[in-house]
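Trainee: Could you take me slowly through one buried spot in this protein, and then show me how its surroundings are put together?

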Amino acid sequence: METMPCHNQRVGSADAPRQQQQQAGATDRDQDCSEQAVTGSGVGSGVVSRQLRFSEPGPGGDSPSPDSSSCCSGSGGGGCSCSGSNGGGPDTARSPTLDLPVTAASRLKLLPMNDQIRELQTIIRDRTSSRGDFVFSADRLIRLVVEEGLNQLPYTECTVTTPTGYKYEGVKFEKGNCGVSIMRSGEAMEQGLRDCCRSIRIGKILIQSDEDTQRAKVYYAKFPPDIFRRKVLLMYPILSTGNTVIEAVKVLIEHGVQPNVIILLSLFSTPHGAKSIIQEFPDITILTTEVHPVAPTHFGQKYFGTD
């Protein structure tokens, strides 16, 4: 039998001419290093993301000001002092700087940024979006995050026979995974996971702030009995302070789960939230679409219609 190997070919970007122009113009790159790029390291396949220039409300409330995470300081003629920049175009990007050790910072992964993801983020953040548009866009973004989260899990090589009799060298998904949603907003991500893995087991955990101490407190937790043998996809769409996730990971550790087999799936994260989680658990993997100082904390209320 002939063998038909599996080839993963990268399709050329339509922006290649523009990237060549940007590489030729060093002066333009010096003026706006938010377009500079580095490749993020991935657990399975490398995850590459684009650095975008965000705006925050200025002193007047409406006027934007440059994001404090911008990689250039000052607007003088000193050029860009970003480290690790390879001069790539806007389709690749540098990872957000969180003042973490390299080994810890590599655990934070961003989805490859494109206009589709950017539009979904815009609709979710827009306060004028209808609930129908909001839920539709959120479900699409959740699906993208879940797909990339599954891509971080291990696969094994296998050979199958096609209907025409050829042998195809492919891969198959390794069993021994499960999902855990942090109630309630994390439940919005459950269907996206089930759409990708029909028979996956999903646990739940409820964490709320104590009225007296204002500290996160675990009220309910139910996991598969053999969760200590599984790799865990922890689902929580908005990472604001990180306290809720930290408490959830502590509960998982109490049930025998090691942090290095936990992949946190989120849609939006603040720098403080991501940094707090990684500092507490350096081996955990965080997968998100955006790191920005202002997170859409209205997500749960809007998604479930309780706003």
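**A close look at one residue**

Mentor: If we leave aside its neighbours within four places in sequence, isoleucine 262 is in contact (heavy atoms within 4.5 Å) with Val232, Leu234, Val249, Leu252, Val257, Ile284 and Thr285. Please keep in mind that this is a predicted model, in which local features need pLDDT of at least 70 and side-chain atom pairs count only at pLDDT 80 or more, while totals for chains, interfaces and linings use all residues. Residues are numbered from 1 along each chain as its sequence is written, and side-chain values use heavy atoms, leaving out hydrogens and water.

Isoleucine 262 belongs to strand S12, where helices (H or I, at least four residues) and strands (E, at least two) are DSSP runs numbered from the N terminus. With a relative accessibility of 0%, isoleucine 262 counts as buried (under 20% relative accessible area, with exposed over 50%, partly exposed in between, and a 1.4 Å probe used on protein chains only). Leucine 233 lies 29 residues away along the chain, and yet its C-alpha atom is separated from that of isoleucine 262 by 6.1 Å.

To see what surrounds that spot, we can follow strand S12 into its sheet, which is an open one with seven strands in the order S4-S14-S12-S10-S7-S8-S9 and with mixed pairing (two strands pair if DSSP finds at least two bridges between them). At its edges stand strand S4 (108–110) and strand S9 (216–222), each of which pairs on one side only. On average, and with direction ignored, neighbouring strands of this sheet are turned by 25 degrees against each other.

Within the sheet, strand S7 (residues 177–183) and strand S8 (residues 201–209) run parallel and are joined by six bridges, and isoleucine 182 stands opposite isoleucine 205 in S8.

Two helices pack on this sheet, and here angles run from 0 to 180 degrees between N-to-C directions, with axes as lines fitted to C-alpha atoms, for helices over the stretch in contact. Helix H5 touches strand S10 (231–235), strand S12 (262–265) and strand S14 (285–288), and its direction makes about 165 degrees with that of S12. Helix H8 (residues 271–280) touches S4, S12 and S14, and its direction makes about 160 degrees with that of S14. The strand that holds isoleucine 262 is therefore touched by H5 as well as by H8.

Each of these helices also has a helix packed against it. Two packed helices are described by the angle between their axes and the distance between the axes. For helix H4 (residues 115–125) and helix H5 (residues 131–151), the angle is about 140 degrees and the axes are 9 Å apart. In that contact, Gln116, Ile117, Leu120, Gln121, Ile123 and Ile124 in H4 meet Asp133, Phe134, Ser137, Ala138, Arg140, Leu141 and Leu144 in H5. Helix H7 (residues 243–254) packs with H8 at an angle of about 25 degrees, the axes being 9 Å apart, and there Val245, Ile246 and Lys250 in H7 meet Ser276, Ile277 and Glu280 in H8.

If we now move along the sheet to S8, we find that S8 and S9 run antiparallel, with six bridges joining them, and that serine 209 has alanine 216 in S9 as its bridge partner. Returning to the end of S7, we come to a cis peptide bond that joins methionine 183 and arginine 184, with omega at about 0 degrees. Arginine 184 is found in the loop between S7 and H6, and serine 185 lies in the loop between S7 and helix H6 (190–196). Serine 185 counts as buried at 15% relative accessibility, and, not counting residues up to four places away in sequence, serine 185 touches Tyr236, Pro237, Gly300 and Phe304.

Finally, it helps to place these details in the whole chain, which has nine helices and 14 strands. Of the 307 residues in the chain, 41% are buried, and among contacts with a separation of 6 or more, 67% come from residues 24 or more positions apart.
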